[in-house]
Amino acid sequence: MTSGKEEQRFMKYADLHPNIRIRIITDFFTDLTQKSIIPFMAIYLSTQIGAGLAGLLLTVNIVASMIVGLWAGYWSDRIGRKKLMVIAQSLQVMALLGLAIANSPWMDSIIVTCLMFLLSSLSSGITVPIANAMIVDVSSEHERHYVYGLQYWTTNVAVTFGALMGGLFFESFRFLLFSLVCLESLATLFILIFMIRETMDKRESGYGDAPIQRNILKTYWAVFQDKRFMIFFTATVLAVSLEFQLDKYIAVRLKNEFTAQLLGSDISGLHMFSLIMVINTVMVALVAIPFTRWIGRFQSRSIMTVGMLLYTAGFTVLAFSNWAWLLISSAILLTIGELMYAPVRQVMLAGMIPDSDRAAYMAADGLSYNAAALLGSLGLTIGAFLPSYAMAGLYILMGLGALVFFRMLLRRAEEQNQHLPCADAS
């Protein structure tokens, strides 16, 4: 009898449900669009309206995206995925067209730019939880590790090329950049309309179990009363907040403290930070897919344990060390650790959410990233008062705390599976 792990080892992209294959491609271009705009918009707005007002506008965008994401998750479980995704993508096309017009040779309007940027953020807030729920709708448990590993790879590659596009075009050729991504977004809209199929009615159970009379507050109250999910939520916040330390406390510390020679050349802290980011990006792009296939043969609890330990060790060293080769080694370790734990985390989430509230749970999970981002910013403030070795100790506590919570959930899942009757697969 072929086990789920063995099936996963030989899984191919062509074996996946058509919706998943299409979503992976369209998500790549959506991420490419977002990452070519969002990181550079903060700089642009700061020069146009001042840093204080720009920061306020970005905060409003994040909060609005969170709220509309919760709304979309609630309604997606009641009226279906495709309708809301088409609406969201239509808004994205309008937003990018507006951005192109507002930064064209015929018009230069910062007010329209801000409004269209907000509309783009709202569109993304609607799309993300629904797209994640759609993947769970049409994937089996043994497929998900491969699917999330592939999705993790495409996201990181999109981030890389998006940053490159933004760096080349945003400052001097914004009209061209917005026009290109608008055309890409329009193509994605047509793909959604004509190629994506509704998935909610494909569920074997739970369809129609999310009554419309249970309002949005009661729905999310029930989500956050789910003890298993809240343990998972807490673990995610602790783990992801380490990642948000990289471009905040760690970047600032390296800039202020690090100077060294590497291969005969003087390098600054900013150079070392850039090198760490390059190592992470290149490793993900080159090895993510084969590495995910290889680790799929091992138990999830073992993968999570080793992955989180490597991930935590990498960030811990980055918090205090000024030895160039040790920092490079740590960047490699944390990347390997992230490649191991991130897909398992996604598989865990997919396995614990009820069929009737999939999109709502996905939207709630998105809040964990916002909470982690806040902790990342807080780490920069705390780091101004604590020595680097104390920050390293704090990172250890955060990483081990996340590992304990993740392992607790995985152990419970394994114990429950042991009590389930075995199905005849012959």
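So, the buried side of helix α10: in this predicted model, the buried residues there are Gly-269, Met-272, Phe-273, Ile-276, Ile-279, Asn-280, Met-283, Val-284, Ala-288, Phe-291, Thr-292 and Ile-295. What do they pack against? Their partners are α6 (141-169), α9 (227-257), the strand β4 (265-268), α11 (300-320) and α12 (324-352).

Now have a look at the course of α10 itself. This helix covers residues 269-295, 27 residues in total. If it were straight, at 1.5 Å a residue, it would reach 39 Å, but its end C-alpha atoms are only 34 Å apart. And where is the kink in α10? You'll find it at Val-287, about 60°, shortly before the proline Pro-290.

Let's take one of those packing partners, α9. The axes of α9 and α10 come within 7 Å of each other, and they cross at roughly 140°. Parallel, antiparallel, perpendicular or oblique? An angle has to be over 145 degrees to count as roughly antiparallel, so this pair is oblique. The crossing is also right-handed. If you'd like to click through the contact, select Leu-246, Asp-247, Ala-251, Leu-254 and Lys-255 on the α9 side, which meet Gly-269, Leu-270, Met-272, Phe-273, Ile-276 and Met-277 on the α10 side. Of those α10 residues, Gly-269, Met-272, Phe-273 and Ile-276 were in my buried list a moment ago.

Staying with α9, there is another neighbour, α8, which runs over residues 216-225. Here the axes come within 5 Å and cross at roughly 75°, so α8 and α9 are roughly perpendicular to each other. On the α8 side we have Val-223, Phe-224 and Gln-225, and they meet Lys-227, Phe-229, Met-230 and Phe-233 in α9.

Two single residues to finish, both buried. Asp-365 is in helix α13, residues 358-383. Its relative accessibility is 6%, so it counts as buried. Leaving aside residues up to four places away in sequence, Asp-365 touches Phe-229, Phe-232, Arg-345 and Leu-349. You may remember Phe-229 from the α8 contact. For a sense of distance, the C-alpha atoms of Asp-365 and Met-116 are separated by 26 Å, with their positions 249 residues apart along the chain.

The other one is Ser-388, in helix α14, which spans residues 388-418. Buried or exposed? At 18% relative accessibility, Ser-388 counts as buried, because the cut-off is under 20%. With the same sequence neighbours left out, Ser-388 touches Tyr-249, Arg-253, Ala-319 and Phe-320.

Note on methods
Residues numbered from 1 in each chain as written. Predicted model: local features only at pLDDT ≥ 70, side-chain atom pairs only at ≥ 80, totals over all residues. Heavy atoms only, no water. Helix = DSSP H or I, 4+ residues; strand = E, 2+ residues; numbered from the N terminus. Expected span 1.5 Å × (residues − 1). Bend = angle between axes of the 7 residues up to and from the residue. Buried < 20%, exposed > 50% of the residue type's maximum accessible area, 1.4 Å probe, protein only. Contact = heavy atoms within 4.5 Å. Axes fitted to C-alpha atoms, helices over the stretch in contact; angles between N-to-C directions. Parallel < 35°, antiparallel > 145°, perpendicular 65-115°, else oblique. Left-handed = near helix turned anticlockwise from the far one by under 90°.
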